[in-house]
Amino acid sequence: EELPLLYEFGFLPLGANSYLVLRSKSDVGYVSTILPRGDKTKDYLLMCELHVFDVMDSNSSSNSATQILPSFGFTSVKSVLNVLRDTTIDGTNLDATKQQLSIYSAVINQANCSFAP
């Protein structure tokens with residue numbers, strides 16, 4: 001038994017080939033955050049990832065396609081960003097800052113090309 005275990009949480013945003021970290025390696029085995037919507041062309045699925053490390057830095061990973069539907073309470077990217085902005089980033093909590101930046105970048109990079117020729 002190689003305890004304690006450390007957990008790292010993230011997700012794969014639309015169009016990305018590397019995941020964004022929501023919580024870096026920590027002994028806290030959960031994360032609570034706002035996630036961007038999943039890919040509309042894939043039934044709004046967003047790939048969420050968990051990496052578990054032991055004291056020898058051996059690790060195991062698991063991912064799960066999670067359906068994240070668009071929130072109709074938000075009428076625009078601007079309104080989503082306003083809600084996120086109102087959640088204070090005080091600079092002392094690195095994981096909270098990572099969460100915010102991951103969500104900001106995922107939301108900003110969501111393009112609506114449904115009206116493109």
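Ile 68 counts as buried in this predicted model. Its relative accessibility is 17%, and the cut-off for burial is under 20%. The residue lies in a loop, between β4 and α1 (77-86). Beyond its neighbours within four places in sequence, Ile 68 touches Leu 35, Pro 36, Arg 37 and Gly 38. Tyr 44 and Leu 46 are also in contact with Ile 68. The C-alpha atoms of Ile 68 and Lys 40 are 9.5 Å apart. Along the chain, 28 residues separate Ile 68 and Lys 40.

The chain as a whole comprises two helices and four strands. Read from the N terminus, the order of elements is β-β-β-β-α-α. The chain has 117 residues, of which 29% count as buried. Contacts between residues at least 6 apart in sequence were also examined. Of these, 48% join residues at least 24 apart.

The four strands form an open sheet. Their order in the sheet is β2-β1-β3-β4, and the pairing is antiparallel. The edges are taken by β2 (20-26) and β4 (59-67). Each of these edge strands has a single partner, so one side of each is left without a neighbour in the sheet. Direction ignored, neighbouring strands are turned against each other by 15 degrees on average.

Two of the pairings were examined by residue. Strand β1 (residues 6-12) and strand β3 (residues 45-53) run antiparallel and are joined by seven bridges. Within this pairing, Tyr 7 has Val 52 of β3 as its bridge partner. Phe 9 stands opposite Leu 50, also in β3. On the pairing of β3 with β4, nine bridges were found, and the strands again run antiparallel. Here Val 52 is partnered by Ser 60 of β4. Val 52 of β3 is thus a bridge partner of both Tyr 7 and Ser 60. The hairpin of β3 and β4 has five residues between its strands. In this hairpin, Asp 57 takes a positive phi, near 65 degrees.

In a regular strand, side chains alternate between the two faces of the sheet. His 51 is a residue of strand β3. Is His 51 buried or exposed? The relative accessible area of His 51 is 13%, so this residue is buried. A polar contact links the side chain of His 51 to the side chain of Tyr 19, at 3.3 Å. Tyr 19 is also among the residues in contact with His 51 once neighbours within four places in sequence are left aside. The others in that set are Leu 6, Tyr 7 and Glu 8, together with Ser 60 and Ser 61. Tyr 7 and Ser 60, the bridge partners of Val 52, are therefore both in contact with His 51 under the 4.5 Å cut-off.

Aromatic side chains were then searched for ring pairs. A pair of aromatic rings is described by the distance of the centres and the angle of the planes. The search covered the whole structure and found zero aromatic pairs. Charged groups do sit over rings, however. Arg 23 lies over the face of Tyr 30, at 5.7 Å from the ring centre. Lys 25 places its charged end over the ring of Phe 53, 4.1 Å from the centre of that ring.

Definitions and conventions
Residues are numbered from 1 along each chain as its sequence is written. This is a predicted model: local features need pLDDT of at least 70, side-chain atom pairs count only at pLDDT 80 or more; totals for chains, interfaces and linings use all residues. Side-chain values use heavy atoms; hydrogens and water are left out. Two strands pair if DSSP finds at least two bridges between them. Axes are lines fitted to C-alpha atoms, for helices over the stretch in contact, and angles run from 0 to 180 degrees between N-to-C directions. Buried means under 20% relative accessible area, exposed over 50%, partly exposed in between (1.4 Å probe, protein chains only). Rings of Phe, Tyr and Trp (its six-membered ring) pair if their centres lie within 6.5 Å; planes under 30 degrees apart count as stacked, over 60 as edge-to-face and the rest as tilted. A charge sits over a ring if NZ of Lys or CZ of Arg is within 6 Å of the ring centre and within 35 degrees of the ring normal. A polar contact is a pair of N or O atoms within 3.5 Å; within protein, one must be able to donate a hydrogen and the other to accept it, and residues adjacent in sequence count only if both atoms are side-chain atoms.
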